[in-house]
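Work through the exercises below with the structure open. Try each task before reading its solution.

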Amino acid sequence: MTGGVTMTLAFCGLVPVSVCANGGVVTHENRKHALPRSLAARSCEQHQRLIGSSSRKWTPTVARRGAAPSDVSAASATSASPGGKNGKTATNAAVATSGAVLEIEELTVQAGARDLLFVDDLKVFPKEFVGIVGANGAGKTTFLRSVTGEHELKLGQIRLARNAFLGYLPQQAVSGSSRSVWEEASSQMERLLRLERRMEELERAMMQQEGRNNNEAMRMAQELAEVMDEYSSAGGYDKDKIIADMLSGLGFAPEDWDRPCSELSGGWQMRVALARLLLSQPNVLLLDEPSNHLDRAAKAYVENFLASYPYAIILVSHERSLLDRCTAIVEFRGGKHYTFPGNYSFYLTERELRQQALEAQRARQQSEIDRLQGFVDRFGAKATKATAAKSKEKAIARMEKQLVEVPTDSLENSRRLVFTLPKAPPCHHVVLSVANLSVGWPGNPAPLLRNVNFEVERGQRLAIVGPNGQGKSTLLRTLAGLLAPVSGKVAHGDDRVSVGVFTQDLAADLPVHKTPLDYLSSEINEDATKLELRSALGNVGLSGDAAVRAIEMLSGGEKARVALAAFTVSKPAHNLLFLDEVSNHLSIESVEALCAGLQKWSDGTIILVTHDIRLIEAIATHSMVVKDGKVSDIFYGVPEHVKSVVLAEEYGNQPGQMASSSPNRGVRLEKGAHASVLVETEAATAAFHNGAESLTKEKKAHEQAERRRLRKEMDRAKKAIPKLEESIEKLEAALADVDAKMISVATDAGKLNELTAERRALEKKLEKAYADYEKSEQIVASACATDTE
């Protein structure tokens, strides 16, 4: 495997924690890795490049000796500059996590100079399946990269439990390995490999001790038995079957298992990286959009695998069915995180209920503040009411501090996306012609497709469909001029044809060290003003700081939107677009905006490769099938038999069927298999709801009783306030009357003493009335702050 990034996060005693991207694993072991030489060399170079110029260093931390497994080693950054949120900087310390395998505190995730996300307290426990959701650009990918150490921390702490290891699959995890699919997929089954090595060591040592009756031989025999038991429990004796099941479940046919990974397309290499990571079984599994390159059968396999995964998972995904397998959802919204117990379906309901409750609570608080302010405005200038008005002003100040915060989306996440292409310039009516074309990858002597012949006319939208791995993307890249033909010819109608290309591998094709604004101004349209380019980026949801962050710091969805923005400002304007899986990294809202924009671009020509039936039905005027090394004729529209190919790609094998995840399992779900997956998901959701209801019944009953008590107390206080105000007004008037009488009888000592005693009595009553009044006001304010019904 090449292209990995290995970084030391921290140390706990002598046990290192390290991160390997590209589907790699973070391991805790008191030894050196036996990594391939090429990986070790590149990892070291990339590690130095990542941290060499930074003021931040990953420094060793030593835990107290004899620490229990619940103790953790910190993976946090030290910042050269003091201060920050709450005046704190990132620290590096080992603390207990009370059973959590990953603990995050006071973490500020930054994108450039902007604070993107603040996570005050997040714990992930063993076997917990956490789904992370949020709008494109909310910080989901950057958060995962912060956890792995690939994104520099400025503030906060990330702690990983001792004896745990972390594995990460980024959105672009293409391996590039020259190993076979089988070898690469099984290359990081570190636990089994370690046990196998130890068994071999013990067996060799015991052979040397053969014939001797000594304690050392007995000790080795006992250790060997223990290691063999652990190996058996970890599935070691079924290792080949486990690997075969994984590869079959991800769609690899047995004849593909010995193929070099270098011969695979990017999407299939992503599957190899996913298989490698899942087979390594890290204690904390981080997945960023793992289903982007999977068909429905492979998605179903991954969903079932993750649902039964024995360790913790943190998942970023747009897949509803996959998120419905989660046990908790964390939403990134408006720069903060909100945790919801349960799966995605529960989250949607609970999120709406929480939002309504918070809005109602804030409305009640604001209503009470307005009522008090009304009293201050009416009576604040009156001498007899001055004290009461001052008291109400204090109550208002307290309540304003207690106003609940209602989560809102940031402006750039909430604005409606707009994708508008400029008018396509005129060109010959035959935009593209293909004659006797054979396509393949450099270095691979066998072409994927041979003798391809067709023409595309101006205004056509040609959808190229077919099973994965058949050469669709290779054909599209050849048509777009990104790959040279093996033989044959690709010609434009005339020199007025202007081509735009959207590829699957945006991370490699975009200039990652430039900002979106610099990229558009330097490579797409030098004549456009900064305002015009910012407007184009804003239309696709990249406004504000997102327009001036390095492209490498953007999420997959944001990178896709940079490429789409380039189409809208290109000079010269395009009249032929090649789109390869353009919807992969886009949210539902972004795909809808894309479809609307392409539908309106009536004078342009589009050739797209996609498995997204929504996109095909929305824009395709013509279609073509690539299958079994052949390219069909071009069909008008999208006939039913072409749709069946798309559905077969989505759901696996033939329409309405789903292959068994492994040949050894002998299971085939006939028509309705997708419904079976949904039924299983709904059953899991129902089971969770039942369990959650049982676990929280007592707590809810207590909370309801407490709210009832507070309501009664608030009702009494609200009724008392007008009476107390009236009483205070009368007492103040009585005091004023006594003061006037005392002036009139100033020379009569007897009457003056009587009036003085009366005044003292009135002052005590007034003091008590004010105390009761303030207490009642506090009760009302407190009840408004805590009542959420």
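**Exercise 1. Find the charge pairing between D612 and R614, and classify the burial of each residue.**

Solution. Start with the side chains. D612 and R614 meet in a salt bridge at 2.6 Å, N to O. The criterion is a side-chain nitrogen of Lys or Arg within 4 Å of a carboxyl oxygen of Asp or Glu. Next, take accessibility. D612 is buried at 8% relative accessibility, while R614 is partly exposed at 42%. Here buried means under 20% relative accessible area, exposed means over 50%, and partly exposed lies in between (1.4 Å probe, protein chains only).

A note on the source: this is a predicted model, where local features need pLDDT of at least 70 and side-chain atom pairs count only at pLDDT 80 or more, while totals for chains, interfaces and linings use all residues. Residues are numbered from 1 along each chain as its sequence is written, and side-chain values use heavy atoms, with hydrogens and water left out.

**Exercise 2. Count the salt bridges in the whole structure. Then examine the pair R159 and E103.**

Solution. The search of the whole structure gives 35 salt bridges. In one of them, the side chains of R159 and E103 meet at 2.4 Å, N to O. Now place the partners. R159 sits in strand β8 (residues 155-161) and E103 in strand β5 (residues 102-111), so the pair ties together parts 56 residues apart in sequence. Strands are DSSP runs of E, at least two residues long; helices are runs of H or I, at least four; both are numbered from the N terminus. Check burial. R159 is buried, with a relative accessible area of 1%. E103 is buried too, at 3%. Finally, widen the view: a network of salt bridges links E103, E105, D121, K123 and R159.

**Exercise 3. Describe how strands β12 and β13 pair.**

Solution. Locate β12 at residues 328-333 and β13 at residues 336-341. The two run antiparallel, joined by six bridges. Strands count as paired if DSSP finds at least two bridges between them. Follow one bridge: I329 has F340 in β13 as its partner. Then inspect the turn. Two residues lie between the strands of this hairpin, and G334 takes a positive phi near 60 degrees.

**Exercise 4. Which side chain meets that of R351 in a salt bridge?**

Solution. The partner is E331, at 2.8 Å, N to O. This pair links distant parts of the chain: R351 lies in helix α10 (residues 344-379) and E331 in strand β12, 20 residues apart. Compare accessibility. R351 is partly exposed at 22%, whereas E331 is buried at 5%.
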